[in-house]
Amino acid sequence: MRALWFLLALVPLVLPSGYLTLYVFFAIGGLVALSLYLLTGLAGMTSFGQAAFMGASAYTTALLTVRLGLSPWLGLLAGVGMALGFALVLGGVTVRLKGHFLPLSTIAWQVAVFILAGNLVGLTGGHTGLTDLPSLSLLGLSLQEARPYGVFAGLVLALAVLALSNLRQSAWGRAFLALRGEGLVAASFGGSPARLRLLAFLLSGALAGVAGFLYAHFLRFVNPTPFSLEASIKYLIMAVAGGVGSIPGVLLGAGLITALEDWLKDLLPLLLGRSGNYESVAYGFILAGILLLSPRGLWPYLEGLLPRRPRPLPQAPPLPEKERGRTGEVLLKVEGLSKAFGGLLAVNGVSFELRRGEILGLIGPNGAGKSTTFNLITGVLAPTGGRVFFKGQDVTGLPPEAVHRLGLARTFQHPHLFPELTVLENAALGAFARARAGVFPVLLGLHQKEEEALLSTALQALRRVGLEELALEKAGRLTAGQQRLLEIARALAASPELLLLDEPAAGLRAGEKRELARLLRRLSQEGVTLLLVEHDMDLVMGLVDRVVVMHYGEKLAEGSPREVQKDPRVREAYLGEVA
Ligand SMILES: Nc1ncnc2c1ncn2[C@@H]1O[C@H](COP(=O)(O)OP(=O)(O)OP(=O)(O)O)[C@@H](O)[C@H]1O
């Protein structure tokens with residue numbers, strides 16, 4: 001099936017010569033659209049600066065080949081290197097920015113590159129540009145004519161498609177997808193959001209750089225116009241119109257907009273006269289039309305009309321469970337933990353221990369500080385005082401990804417799942433920190449064996465929570481109760497030593513709660529240590545070995561469920577709820 005993408009390289013062999021140039025522009029646009037698939041579709045970031053990455057590469061190869069007479073292949077390396085360098089600087093500065101700051105800074109970068117290309121006349125030739133770039137030749141074959149160039153560009157496009165589909169079906173691809181929603185899920189399962197965003201930015205910049213190289217040596221001329229903000233917006237429209245969330249989507253968009261551009265170039269002057277540039281307006285209307293029909297782009301709409309062929313379930317043996325230490329030893333120790341939000345002390349000097357093999361419940365009335373304590377332990381928040389030790393190691397202030405890698409996994413109070421992904425893929429996200437293949441072997445497709453093992457591990461985790469049958473369904477179709485179970489399966493795929501559950505019974509029906517209690521008891525017997533924050537007293541009291549009660553940020557009581565239930569201070573705090 002994947003080999004079909006190589007047809008992209010064969011199409012120019014049979015295309016009438018009048019369409020060859022258009023085909024090369026499609027391949028170039030396709031590469032930029034793929035760079036946006038990676039950045040926006042996978043990693044959830046928006047860039048208005050892809051044409052500037054193209055420009056950085058195009059000007060680099062132009063300068064090296066025209067001014068210094070170097071080989072265009074050196075120009076390719078240097079050009080992509082230049083795009084990577086810019087992506088590193090821009091990404092390094094911006095990936096930690098939230099909300100609209102990232103797109104805004106890409107606009108600033110795009111405008112700056114365009115102005116520099118136009119104004120550094122001595123270097124770039126200004127708006128006149130640089131001419132007479134050498135044509136490419138490969139293995140003794142000249143790529144000067146449009147037909148061989150089309151085959152070459154199609155081949156590059158096919159290779160990029162294969163590399164990105166390898167990436168999509170890997171732990172890295174899932175981690176990129178888990179960057180949505182502030183990256184909390186990626187971080188909780190071992191991926192540093194800032195590093196993942198930077199990596200996506202670099203890969204995306206490099207792809208746009210390759211497109212810039214192809215552009216420069218096809219036209220054999222560079223000037224600032226094709227690398228303007230308007231061009232960046234055109235590429236964004238391509239990706240969004242086709243469907244930025246999938247590879248066929250962005251390629252469909254690239255084909256559609258390239259063809260439209262060619263058609264409108266002749267049609268609009270006939271309709272509206274020669275003055276004015278109406279293409280952008282037309283794109284805007286076309287995009288709005290497509291998004292009205294299908295908000296996620298054209299491809300998801302078309303895909304919905306095609307028969308669905310689910311992937312087969314993985315068959316490989318799962319990864320072995322990690323070694324666990326001796327039952328009864330202290331696994332987690334919280335010492336005088338405090339957290340202040342401005343003047344409010346949400347957690348105030350809380351201390352407790354959790355031994356391996358135990359189930360500990362953390363309870364307390366609304367606003368008692370339970371979730372804050374949970375976030376302090378998992379590294380989501382940094383404490384203002386006190387220490388957290390996990391397996392004897394001081395983990396105070398470590399980021400969530402570092403705490404996770406030591407053997408701690410969590411679920412969320414409000415399930416943080418990815419509805420577009422299958423149940424199996426959602427669960428496989430939990431095994432990110434167990435994957436060993438680096439991003440380059442993954443792009444080359446050398447990770448297939450490991451990927452099967454990761455998916456099998458996820459399937460095994462689904463089996464443990466009773467969701468195996470739904471493995472290939474989209475997570476968005478699960479009931480609230482099933483979503484909670486999937487969160488637990490995702491955490492189990494990490495083979496954690498300590499599992500922290502944030503209100504796992506919230507929103508469950510009575511029968512589901514009983515099932516949940518049975519599952520948690522079984523996990524405990526299998527050697528998983530559990531800490532749960534929970535409101536449901538029946539569930540907590542019938543399940544846990546010990547309870548820590550919090551009230552107004554402080555520890556009010558600690559003991560067995562029976563001891564705690566008898567404690568008059570606890571009864572008072574709950575106004576009779578526990579009694
Ligand atoms: N990010 C924050 N900024 C400011 N105040 C916060 C923040 N997070 C929590 N608080 C406050 O800290 C206190 C403890 O909140 P926390 O969510 O930890 O309590 P909880 O016991 O988990 O409550 P619930 O059972 O309702 O979830 C509350 O008064 C809450 O308003």
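Modeller: Before any counting, a definition: helices (H or I, at least four residues) and strands (E, at least two) are DSSP runs, numbered from the N terminus. The model here is a predicted one.

Biologist: OK. How many helices and strands does the protein chain have?

Modeller: There are 24 helices and 14 strands in the protein chain.

Biologist: And what does the C-alpha trace span along its principal axes?

Modeller: About 85 × 50 × 45 Å.

Biologist: How much of the chain counts as buried?

Modeller: 54% of the 579 residues do. The area that the chain exposes is about 25100 Å², and 61% of that comes from carbon and sulfur atoms.

Biologist: What about contacts between residues at least 6 apart in sequence?

Modeller: Of those, 75% join residues at least 24 apart.

Biologist: Charges, then. How far apart are the mean positions of the positive and negative ones?

Modeller: They are 3 Å apart, taken over 51 positive and 42 negative charges.

Biologist: Let's go to the ligand. Which residues come nearest?

Modeller: Gly367, Lys370, Ser371, Thr372 and His535, out of 14 residues around the ligand.

Biologist: Which polar atoms of the protein sit by the ligand's oxygen atoms?

Modeller: A polar backbone atom of glycine 367 is 2.9 Å from an oxygen atom of the ligand. For glycine 369, too, a polar backbone atom is 2.9 Å from a ligand oxygen. With histidine 535 the side chain is involved: one of its N or O atoms is 2.8 Å from an oxygen of the ligand.

Biologist: How much of the ligand does the protein cover?

Modeller: On its own the ligand has 630 Å² of accessible area, and the protein covers 60% of that.

Biologist: Which elements give two or more residues to the shell?

Modeller: β6 (344-355) and α15 (370-378). The most comes from α15, with three residues.

Biologist: Different topic: backbone angles. What is usual for phi?

Modeller: Most residues other than glycine have a negative phi.

Biologist: And what is phi at lysine 391?

Modeller: About 55°, so positive, although lysine 391 is not a glycine. This residue is in the loop between β8 (385-390) and β9 (393-394).

Biologist: What about serine 495?

Modeller: Serine 495 also is not a glycine, and its phi is positive, near 50°. The loop between α20 (480-492) and β11 (498-502) holds serine 495.

Biologist: Are those two buried or partly exposed?

Modeller: Lysine 391 has a relative accessible area of 34%, so it is partly exposed. Serine 495 is at 1%, and therefore counts as buried.

Biologist: Now leucine 470. Where is it?

Modeller: In the loop between α19 (448-465) and α20. Its relative accessible area is 23%, so leucine 470 is partly exposed.

Biologist: What does leucine 470 touch?

Modeller: Val423, Leu478 and Gln482, if residues up to four places away in sequence are not counted. Between leucine 470 and glutamine 482 there are 9.6 Å from C-alpha to C-alpha, and they are twelve residues apart in sequence.

Biologist: Last one, threonine 411. Where is it found?

Modeller: In the loop between β10 (408-410) and α17 (423-428). Threonine 411 counts as buried because its relative accessibility is 3%, with under 20% as the cut-off.

Biologist: Which residues is threonine 411 in contact with?

Modeller: Neighbours within four places aside, they are Phe374, Glu487, Ile488, Leu500, Leu501 and Asp502. For aspartate 502, the backbone nitrogen lies 3.3 Å from a polar atom of the threonine 411 side chain.

Conventions: Residues are numbered from 1 along each chain as its sequence is written. This is a predicted model: local features need pLDDT of at least 70, side-chain atom pairs count only at pLDDT 80 or more; totals for chains, interfaces and linings use all residues. Side-chain values use heavy atoms; hydrogens and water are left out. Buried means under 20% relative accessible area, exposed over 50%, partly exposed in between (1.4 Å probe, protein chains only). Contact means heavy atoms within 4.5 Å. Accessible areas come from the Shrake-Rupley method with a 1.4 Å probe; for residues, only the protein chains shown count as cover. Lys and Arg count as positive and Asp and Glu as negative; His and the chain ends are not counted. The place of a charge is taken as NZ of Lys, CZ of Arg, CG of Asp or CD of Glu. A residue is near a molecule or strand if one of its heavy atoms lies within 4 Å of it. A polar contact is a pair of N or O atoms within 3.5 Å; within protein, one must be able to donate a hydrogen and the other to accept it, and residues adjacent in sequence count only if both atoms are side-chain atoms.
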